[in-house]
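Visitor: I am new to this structure and would like a close look at a single part of it. Could you take me through the chain that holds the sheets, one step at a time?

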Amino acid sequence: MTTQEEAEPVRGMWRQGLEVFSENRLALAGVGLFVLLAGFSFLGPLFYQTDQVHTDLTKVFLTPGTDGHPLGADGVGYDQLGRMMLGGQTSIVVGLAAGLLATVVGTVWGAIAGFAGGWVDAVMMRVVDAMMSIPALFLFMLMASIVTPTVPMLIVIIGAFAWLGPARLVRGEALSLRTREYVMAMRGMGGTGGRAVRRHIIPNAIGTVIVNATFQVADAILYVAYLSFLGLGVPPPAANWGGMLSDGLSDTFSGHWWLLYPPGIAIILIVLAFNFIGDGLRDVFEVRLRRR
Amino acid sequence: MEVPTQPLLRLRDLSTDIALRRGAVQALDHVNLEVRQGETLGIVGESGSGKTMTVLSIMGLLPTGGRVVGGEILFDGRDLRGLEAQELRRVRGVEMGMVFQDPLTSLNPTMRIGAQVAEPLRVHQGVGKAEARERAIEILRRVGMPRPDKIVDDYPHQLSGGMRQRVVIAMALIRSPRLLIADEPTTALDVTTQRQILELIDDLREEFKMAVILVTHDLGVIAGRADRVAVMYAGRVVETATTAELFRAPRHRYTEALMRALPESAESGRLYSIPGLPPDLSRPLTGCRFAPRCGFATDECRTTDVTLTGDAHAFACLHPVTDRATIAPSAAREPSASGAAKPILTVRDLVKEYDAGGAGLRRTAARVSAVAGVSFEVKAGETLGIVGESGCGKSTVGRLVAGLEPPTSGEIVVDGADVTTLDRAARHRMHRQVQLMFQDSYAAMNPRMRIDSILTEPLEIQRVGDSGARRARVSELLDQVGLPRRALERYPHEFSGGQLQRIGLARSLALRPRLIVADEPVSALDVSVQAQVLNLMRDLQRDLGLSYVFISHDLSVVDYMADRIGVMYLGKLVEVGPAHQVVRAARHPYTQALLDAVPTPDPGRTADAGSAIRGELPSAVNPPTGCRFRTRCPLAQDVCATEPPLAGGTHQVACHFPLRQEAAAGA
């Protein structure tokens, strides 16, 4: 039989996905923005070296543009541009790592609860409900005041709270995928639950998980900012954008705008970037299946 | 009936495009139609023929990207395309009414019936709340709703499908429109309900002196209800005539092919199937659009633009049918299984009950009795058809036989071994014997797996052969179902419905099963494609010696496919016997009612109004005692409160008052 499909070359799933993604301008902008900010933070110090360890009281509150400091200096004499790079490293590393941790833990937890069903599901999901009922910020403050917040510690603290969202999401996905006809068809061939999970449920849930992961990263970056803003972030001389924003805020009325706007704008941009990427990925995973 | 000369609605060269990601689909191409007041125009065609797009263009409800690009929509002499938005809204809202296919999705689940029915009044005429309620009750009474004063305060989910469709019709009628458009109004309903709804639309048309446009894919529905018919194919009207004329002497080759593809017109045990698929409308097309699939096409057909010619009976065909087409009742199928063949499947007293929402605290003893003591046999090489309306438990029987669910009680003996008592390993092996074929193969295939992996999966699960042997088997399967090898690298969404059904069949054949349970395998397909799949299933049965349990709501399809037919009603088998006897000499009153309700593509045959069953299917939570059909049966008497056994020789019936005696054996 002749069909129109035969004329078209066979395109792989990833190729098609890439096409859909690249048609979304915002998503491309998100990728560009992320590459730009990551490059700025991690590659920037190679070209623009500054001392971010020793304070220099002669340079306190230098205005931008003076004495080789394009963005001026802060209240203890650190170069602001160099500090933005250092702060970006912490924010991006913690954001990515905590987002990933939350996604992995949440996916596994939710998947097990969803597949198993019954009382296993009930117990596991009540744990999630219980933890969700504790205000996140309160939990963070409590934990941050007990332990010294280093970068790995921040990752664990944020990850320990943020996995609840993905867990619920994946559990719902697993519950609905479990009853799909193709899983039924597989059982009709004599297939087992393990096979259903491996071959059918996980590959079909992966889209949701990946999309959610990007939003988790954006959220984690915001959590770092919250914590640091409340003074519970990484201690000096380490820096991150949230902490810098908090410091800058105390100088608002002194007219030191260069301490306030750069970290604020950087936080907005990186969160936006991840949200755009997430939206683009969502298109990829949804549209492709509907284009019959 | 006097027919005014001026048509109420006239479409002149209507063209509609739908924009895609790349390019556009030319959904309608110069469509010309007209409907007069008091007349029913049937628009018939397969999916993608543009029949729904036509009515959506009229109603201004085109999907995103859809746009009328040319022509006129003359309603009462005025072109709707030239009207101002305000007036257009009034014309479409007040003078036209529309009934959609799925009554559940066309009702808002959070609004009470009364409020929904009266919404157009409140929007367009500013009627007050109390009056709107009165009018809603009034209109619900006129569409035959029992106890309308109570129903107005119900929500849609509290009503059955047929009742919901009545509500949708009431909603369309409350403004007394002059034109009623019904788009596949009964496709989602059972045949007995379908008959009630079609009769209702007919009655209302006369009462309200409306024009009706009835859109459907079902030639049978059109035959009984429309005054004139327009046949559409690939965005064009290819033939239009009075119903009697069209069915007596179709002229266009497509119309003729469509009629010959109906299971009712099967001659010599084989269906005529139209080769190929409808054309892709997103590409420029020249000539007659049916030419690539037409056996009579010449070069002229492929190059010249064939237009609709003729007055009363117009058709767009250069080589029209000249001899008379006949729809002869299908010849009785020669029994393919000899009486002595060993049964491959024996089902005894099968029972399946489900907990009815027994979650949480309300764990009362409410049980849904889905299958209540069903017994039957399938012999090697035989097809047993199971028919019944939705909710009768036919699909549950299929799932139980295929081993997807354990029965509550009863025996399922496959090839001499009772499946319900087998240990795990033996049950695992049993799946090689029995395989399932689904209604919607797209849903039954993992969208992220290539056809290659989909066809290999059963072999992997059952550990059949090594990877080389599996590859060879998969290629062999594709040959058997007539698909090219290239299909292996593709994903399910790249195939059409008919092709997916072939792939589904190939997958069920992978393990070389002896029995295939096919659950509504062609219900989602168009007539021409349905014929291809049915023929394929029969060819494979003959070549491979398969047995089928063929589950369907469509009696004509089952009649074509099955050697024996079992009729189910509310979890019970009420009649079982040789196919030709069950269909032509039914013994159970329910079977007879079901047969009478099936619309036949023969406008001369009018259904006997007396035999129609009324009322609704009782709930399976508390089924009637005794004979479960007695609450709706015209013959029911006191004795029916005791359960009748399934009795008889080859043609068994479970009824105290069977309609006729069993025909002599071998008849």
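Guide: Happy to help; what follows is a walk through chain B, with a short stop at its partner at the end.

Please keep in mind that this is a predicted model. Its overall scores are ipTM 0.73 and pTM 0.78. Chain B has an average pLDDT of 84, and 92% of its residues score at least 70. One stretch calls for care: over residues 327–332 of chain B the pLDDT is below 50, although this stretch has 17 contacts in the model beyond near neighbours in sequence. Where pLDDT is low, the predicted coordinates should not be read in detail.

Let us begin with what the record says. In an unreviewed entry, UniProt lists residues 9–259 and 345–595 of chain B under "domain: ABC transporter". Across residues 9–259 of chain B, 40% of the span is helix and 27% is strand, and its end C-alpha atoms lie 28 Å apart.

Now find strand 1 of chain B, residues 9–19. Strand 1 of chain B runs antiparallel to strand 2 (residues 24–35) of chain B, and eight bridges join the two. Within this pairing, Asp17(B) stands opposite Gln26(B) of strand 2. The two strands form a hairpin with four residues between them, and in that turn Gly23(B) has a positive phi of about 75 degrees. Strand 1 of chain B is also joined to strand 4 (residues 66–75) of chain B, again antiparallel and by eight bridges. There, Leu11(B) has Ile73(B) of strand 4 as its bridge partner.

Further along the chain comes an open sheet of four strands, in the order 13-12-15-16 (chain B), with antiparallel pairing. Its edges are strand 13 (367–379) and strand 16 (417–418) of chain B; each has a single partner strand, so one side of each is left without a neighbour in the sheet. Strand 16 of chain B is held to strand 15 (residues 409–414) of chain B by two bridges, in antiparallel fashion. At this place Val413(B) stands opposite Asp418(B) of strand 16. Helix 12 (residues 394–401) of chain B packs on this sheet, where it touches strand 12 (343–355), strand 13 and strand 15 of chain B. The direction of helix 12 makes about 115 degrees with that of strand 12 of chain B.

Next, look for a sheet of seven strands, also open, with the order 17-18-19-14-20-21-22 (chain B) and mixed pairing. Strand 17 (434–437) and strand 22 (652–653) of chain B are its edges, each with a single partner strand, so one side of each is left without a neighbour in the sheet. Inside the order, strand 14 (residues 383–387) and strand 20 (residues 564–569) of chain B pair in the parallel sense over four bridges. Val387(B) has Val567(B) of strand 20 as its bridge partner. Helix 12 of chain B appears again here: it packs on this sheet and touches strand 14, strand 17, strand 18 (515–519), strand 19 (547–552) and strand 20 of chain B. With the direction of strand 19 of chain B, the direction of helix 12 makes about 150 degrees.

Let us step back to the domains. Chain B is divided into domain 1 (9–110 + 155–315) and domain 2 (581–667). Taken over C-alpha atoms, the centres of these two domains of chain B are separated by 34 Å. Where they meet, 17 residues of domain 1 of chain B are in contact with 12 residues of domain 2 of chain B. On the domain 1 side, helix 7 (191–208), helix 8 (219–225) and helix 9 (243–248) of chain B each give two or more residues. Helix 8 of chain B gives the most, with five residues. By class, that side of domain 1 of chain B has eight nonpolar, six polar and three charged residues.

Last, here is the stop at the partner. The contact between the chains takes 24 residues from chain A and 27 residues from chain B. On the chain A side, helix 9 (181–188) and helix 10 (193–229) of chain A each give two or more residues. The largest share of that side, seven residues, comes from helix 9 of chain A. The side of chain A that touches chain B divides into nine nonpolar, eight polar and seven charged residues.

Key
Residues are numbered from 1 along each chain as its sequence is written. Chains are lettered from A and ligands numbered from 1 in the order in which they are written. This is a predicted model: local features need pLDDT of at least 70, side-chain atom pairs count only at pLDDT 80 or more; totals for chains, interfaces and linings use all residues. Two residues are in contact if their C-beta atoms, placed from the backbone, lie within 7 Å. Ala, Val, Leu, Ile, Met, Phe, Trp, Tyr, Cys and Pro count as nonpolar, Asp, Glu, Lys and Arg as charged, and the others, Gly among them, as polar. Domain bounds come from an automatic or database domain assignment. Two strands pair if DSSP finds at least two bridges between them. Axes are lines fitted to C-alpha atoms, for helices over the stretch in contact, and angles run from 0 to 180 degrees between N-to-C directions. pLDDT is the predictor's confidence in each residue, from 0 to 100. UniProt positions are given in the numbering used here, feature names are shortened, and annotations may be inferred rather than shown by experiment.
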